[in-house]
Amino acid sequence: GYDIIFFWVVRMVFSGLEAMGEAPFKYVYVHGLVRDAQGRKMSKSLGNGIDPLEIIVNYGADALRFMLINGITPGNDMRFAMEKLESSRNFANKLWNASRFVIMNLTDDDGAFLKMADDSQGMAALPLRDEDRWILSAVNAAAAEITSNMEKFELSLAAQKVYELIWNNYCDWYIEFVKSRLYGEDEADKEVARAVLVKVLKDLLKLLHPVMPFITEEIWSCLPRSAGEVTEENPQGYLIRQEWPVYDETLSFPQEEEMIGLAMEAVRSVRNIRAEVGAVPSKKVRAIIVAEGKTAEYLKKAERHIMTQANVSEIRYLSDKSEVTEEVLSGVVTGAEILIAMDELMDYRAEEERLSKEKKKLEGEVSRVSGKLANENFVNKAPEKVIQAERDKLEKYQDMLAKVTERLEIVEKKLEKQQ
């Protein structure tokens, strides 16, 4: 209980004063209990305890540490779930793989570091592209928020923000944005891309280090050193002794954050439209964007990202949806609508075959459940709960059958027009 915690805190304070002449710490963070997956208190009698050493061997100390910090808040208990632990391990793997990609593109065949743009006058002085400003601004703003969270002991919020920055912004988007630049012919632009990749990765490692100290220190050791990172006090340039990231007004680019944010929404929208009809991601499509004003301007500026990431061959901009005459599928983004012609996405012959099979399968299910409900022996003997479950199934299958039949009729009409 808390009386035991208080006893050990007092003991450590007095031991520190006796041995070192100063208090060993200023604050004590008291969190809730870590319970088992069923919400029960861990105890020897229940046999539901967790051996941390065994967990560390199988998942790593960083994964365990991240899972606990990300899940614990003051005054609230948390449940120890293996799914959360696996998610933390996956996060560590994601960071490791992304860092390996970056490091591979920083070195030549002999392992020597390639030239990077000189940022001695500040990153803002470099010829940055929109995506560079976006990621620098996002990490810069997050550094201020995470610092505030840490100072308030909102450790789980801080951990979650770093997680989202690394997984979503850096790994899933920024690295994809700069791949074509890293493989291109413009050496000056390559140097800028490398500089931004390293700057952002280093800041992310610093922000994550208190939560996942081992993997971050290992990745840090593989990155090039810049001025101020190796000092007399830190001759090896260890991450644990580096300066914490602080907010830099020169790295705030709200316009680029909004612009790239819109582009990301548009890419997600096109991908969702593809998924709705089962179109393969590799199939190029033409898109129509219905937007006006600043939204249209930003989407036009970020057009190359939309075309590359969503595999779009051409984008046409309209201010009024009524100008569209063909049958389209649509997706909504902030202040705009994305339209993709159905003819661009659909292989109608293959879709007809798929829908016909689906219709036959659903007709069989409707017939089977209807027959079951028409059986007097079943209806008279089965519990009401079981009968209601069958009625719910029948309603679901009938609804699905109606939708598939409607869709099949549309596809058949399209095929007739093509013939």
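Leu64 sits in helix H3 of this predicted model. With a relative accessibility of 10%, Leu64 counts as buried, because the cut-off for that label is anything under 20%. What does Leu64 touch, once its neighbours within four places in sequence are set aside? The contacts are Pro52, Ile55, Ile56, Phe80 and Leu85. Lys84 is worth a look too: Leu64 and Lys84 are 20 residues apart along the sequence, and their C-alpha atoms are 9.2 Å apart in space.

Leu64 has company. The buried residues of H3 are Asp62, Ala63, Leu64, Phe66 and Met67. Quite a list of elements helps to cover them, including helix H2 (52-59), strand E2 (78-79), helix H4 (82-104), helix H6 (155-182), helix H7 (187-208) and helix H8.

Helix H8 deserves a bit more detail. A pair of packed helices is described by the angle between the two axes and the distance between them. For H3 (residues 61-71) and H8 (residues 213-220), the angle is about 125 degrees and the axes are 7 Å apart. The two helices are therefore oblique to each other. On the H3 side the contact is made by Ala61, Asp62 and Arg65, and on the H8 side by Pro213, Phe214 and Ile215. Sorted by class, the contact between H3 and H8 comes out as four nonpolar residues, two charged ones and no polar ones.

Further along the chain, helix H9 (residues 254-277) packs with helix H10 (residues 293-301). Here the angle is about 80 degrees and the axes are 9 Å apart, which means that H9 is roughly perpendicular to H10. Which residues meet in this pair? From H9 come Gln255, Glu258, Met259, Leu262, Ala263 and Ala266, while H10 brings Lys294, Thr295, Tyr298, Leu299 and Lys301. By class, the contact of H9 with H10 has six nonpolar, two polar and three charged residues.

Both of these helices also meet a sheet. In general, strands of a sheet pair through backbone hydrogen bonds, and they can do so in parallel or antiparallel fashion. In this model, four strands line up in the order E4-E3-E6-E5 to form an open sheet with mixed pairing. At the edges are strand E4 (312-318) and strand E5 (328-333), each of which pairs on one side only. Neighbouring strands of the sheet are turned against each other by 25 degrees on average, ignoring direction. In the middle of that order, strand E3 (residues 285-291) and strand E6 (residues 336-341) run antiparallel and are joined by five bridges. One bridge pairs Ala291 with Ala336 of E6. H9 packs on the sheet and touches E3, E4, E5 and E6, with its direction at about 145 degrees to that of E5. H10, for its part, lies across E3, E4 and E6 and runs at about 150 degrees to E3.

Now for the whole chain. How many helices and strands does the chain have? There are 15 helices and six strands. The radius of gyration is 29 Å, well over the 22 Å that the globule rule gives for 419 residues, so the chain is more spread out than a compact globule. Along the principal axes, its C-alpha atoms fill a box of roughly 85 × 65 × 45 Å. Of the 419 residues, 40% are buried. Among contacts between residues at least 6 apart in sequence, 70% join residues at least 24 apart.

Conventions
Residues are numbered from 1 along each chain as its sequence is written. This is a predicted model: local features need pLDDT of at least 70, side-chain atom pairs count only at pLDDT 80 or more; totals for chains, interfaces and linings use all residues. Side-chain values use heavy atoms; hydrogens and water are left out. Axes are lines fitted to C-alpha atoms, for helices over the stretch in contact, and angles run from 0 to 180 degrees between N-to-C directions. Angles under 35 degrees count as roughly parallel, over 145 as roughly antiparallel, 65 to 115 as roughly perpendicular and the rest as oblique. Contact means heavy atoms within 4.5 Å. Ala, Val, Leu, Ile, Met, Phe, Trp, Tyr, Cys and Pro count as nonpolar, Asp, Glu, Lys and Arg as charged, and the others, Gly among them, as polar. Two strands pair if DSSP finds at least two bridges between them. Buried means under 20% relative accessible area, exposed over 50%, partly exposed in between (1.4 Å probe, protein chains only). The radius of gyration is taken over C-alpha atoms; the globule rule is 2.2 Å times the number of residues to the power 0.38.
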